[in-house]
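Here are a few exercises to work through with the structure open beside you. Try each task first, then follow the solution step by step.

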Amino acid sequence: MKKLVLAVFCLSIFSTHAQNIGHEKSAFAHTFSIVARDTVTGEMAVGVQSHWFSVGSIVSWGKSGVGVVATQSFVNPAYGPQGLELMENGMPADIALAKMVDEDEGRAFRQVAFLDVNGNVSAYTGDKCVQAAEDIQGNNFSVQANMMLNENVVPAMANAYATNSDLPLAERVVAVMLAAQEAGGDIRGKQSAALIVVGPEKTEKSWEDKKVDLRVDDHENPIKELGRLLKVHRAYEHMNKGDLAVEANDMEKALQEYGAAEKMFPENLEMKYWKAVALANSGRMDEARPIFKKVFAADENWKEMTTRLPASGLLNISEEELETLTK
C-alpha cells in the first residue's frame, strides 16, 4: 500500500511539473546530439543518442533546402516542424530559435539546436536542464548534451567534429557520437540513436527529402548499430544505382555499382545475385555462372527468381542458357 501511495504521489508531482514547463506531453529525451552542415556538399544532418526508447522519433527534424533541428531534454516537439517552417520562410536559425524560446513557457527545461541551409547555427540550453548540460557551436555545427556522466562529453564531440573533416557528413556525425559515448555519454547508459541527412536543395517529392534516415529504437549498443546500418545504407545506394543502370540498359554501369555493393558485404546474397545478373546481361556468362550457382546453393528460391526475370526484361540470356543455369 505504501508503494502504491508513493507511486501516485510521484506521478502527481510529475504531472504538475509537466504542466509548469508549458507542455503537458513533454517527453524525456536527456541525451547528446549534433546538428551539422557539410560546407562542400551543403548536406545537413542531425545525430542523436539517448537512454530513452525511440529517441529519433522526437528529437531529430530536417528538411532539404531548409535546415535541421534537434529538440531534447524535456522535449517540446513543436520546435521541429515550427522551427523548420520559420527557417523555410526566410528566418535565420538564430532568430528563429530565439523567437520560439521566447514564446515557450517551459524554456528553462529545453535544450534545442537550429541550423539553416546557409550554415547559420544557434543552440539554447535552459538552466533547469539536468547537469552535466552544455552546448558548443562552431563553423556550421552545434553539439549539445544534458544529463551526461561528466563535463567532458560536449567538448569531446566538438573536437571529434573538427578532427574528422575528411569523412562524409553522415560518417562524421557518427564519429562525433562515438566520441561522446567514449567520453562518458548519458549518465543512465544508452538505448536508442538516430541519424538523418537532408540535402541543400528543396525537393518536390517528399520521399526524396531525406538522403539518410536511420533509427535504432532499442539496442544495447545503439551507436555501433547505427554505424552498421549506415554502412548497409551506403551499400544499397550502390544497389539502387545499379538498378537504375539496368533500367537504362547500361550493364557496365550496373556491374560497377553491384560490384561496389558486394565488396562492402561480400556474403550478402542479394548483392552477389544482381552482380551475376549484370555479368550475364553483359555477355559474360562464364563469370556469372559460378556466382549464380553459389547463390542457388545457399537459397534455392533465387533459382526460381531467375526463371522469372526474362519476362520482365531483367535477364537477357537465351532459353538454352537459362535452362542450363537453373536445371
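**Exercise 1.** Find the hairpin of β2 and β3, and work out which residue there takes a positive phi.

*Solution.* This is a predicted model, so treat what you see as a prediction. Start with the stretch linking the two strands: there are six residues between β2 and β3. Now check the backbone angles, and you'll land on Gly42, with a positive phi near 80 degrees. Next, look at how the strands line up: β2 and β3 run antiparallel and are joined by seven bridges. To pin down the register, take Ile34, which stands opposite Gly47 in β3.

**Exercise 2.** Decide whether β3 is enclosed or open to the outside.

*Solution.* Remember the cut-off: a residue is buried when its relative accessible area is under 20%. Go along one side of the strand, and Met44, Val46, Val48 and Ser50 are all buried. Flip to the other side, and Ala45, Gly47 and Gln49 are buried too. That makes seven of the seven residues, so β3 is largely enclosed by the rest of the structure.

**Exercise 3.** Trace the order of the strands in the open sheet, and say which ones stand at the edges.

*Solution.* Begin at β3 and step over to β10 (residues 192-198): these two run antiparallel, with seven bridges joining them. Gly47 is handy again here, as it stands opposite Leu195 in β10. From β10, move on to β11, an antiparallel partner over six bridges. Leu195 has a bridge partner in β11 as well, namely Leu214. Put together, the six strands read β8-β9-β2-β3-β10-β11, with antiparallel pairing. The edges are β8 (134-138) and β11 (210-216); each has a single partner strand, so one side of each is left without a neighbour in the sheet. As for the twist, it averages 5 degrees from one strand to the next.

**Exercise 4.** Which strands does helix α4 touch, and which does α5 lie across?

*Solution.* Take α4 (residues 153-163) to begin with: it packs on the sheet and touches β2, β8 and β9. Its direction makes about 155 degrees with that of β9 (141-145). Then turn to α5 (residues 169-182), which lies across β2, β3, β9 and β10. Compare directions with β3 (44-50), and you get about 25 degrees.

**Exercise 5.** Zoom out: how many helices and strands does the chain have, and what share of its residues is buried?

*Solution.* Count the elements, and you reach eleven helices and eleven strands. For burial, the share is 48% of the 327 residues.

Notes: Residues are numbered from 1 along each chain as its sequence is written. This is a predicted model: local features need pLDDT of at least 70, side-chain atom pairs count only at pLDDT 80 or more; totals for chains, interfaces and linings use all residues. Side-chain values use heavy atoms; hydrogens and water are left out. Helices (H or I, at least four residues) and strands (E, at least two) are DSSP runs, numbered from the N terminus. Buried means under 20% relative accessible area, exposed over 50%, partly exposed in between (1.4 Å probe, protein chains only). Two strands pair if DSSP finds at least two bridges between them. Axes are lines fitted to C-alpha atoms, for helices over the stretch in contact, and angles run from 0 to 180 degrees between N-to-C directions. Contact means heavy atoms within 4.5 Å.
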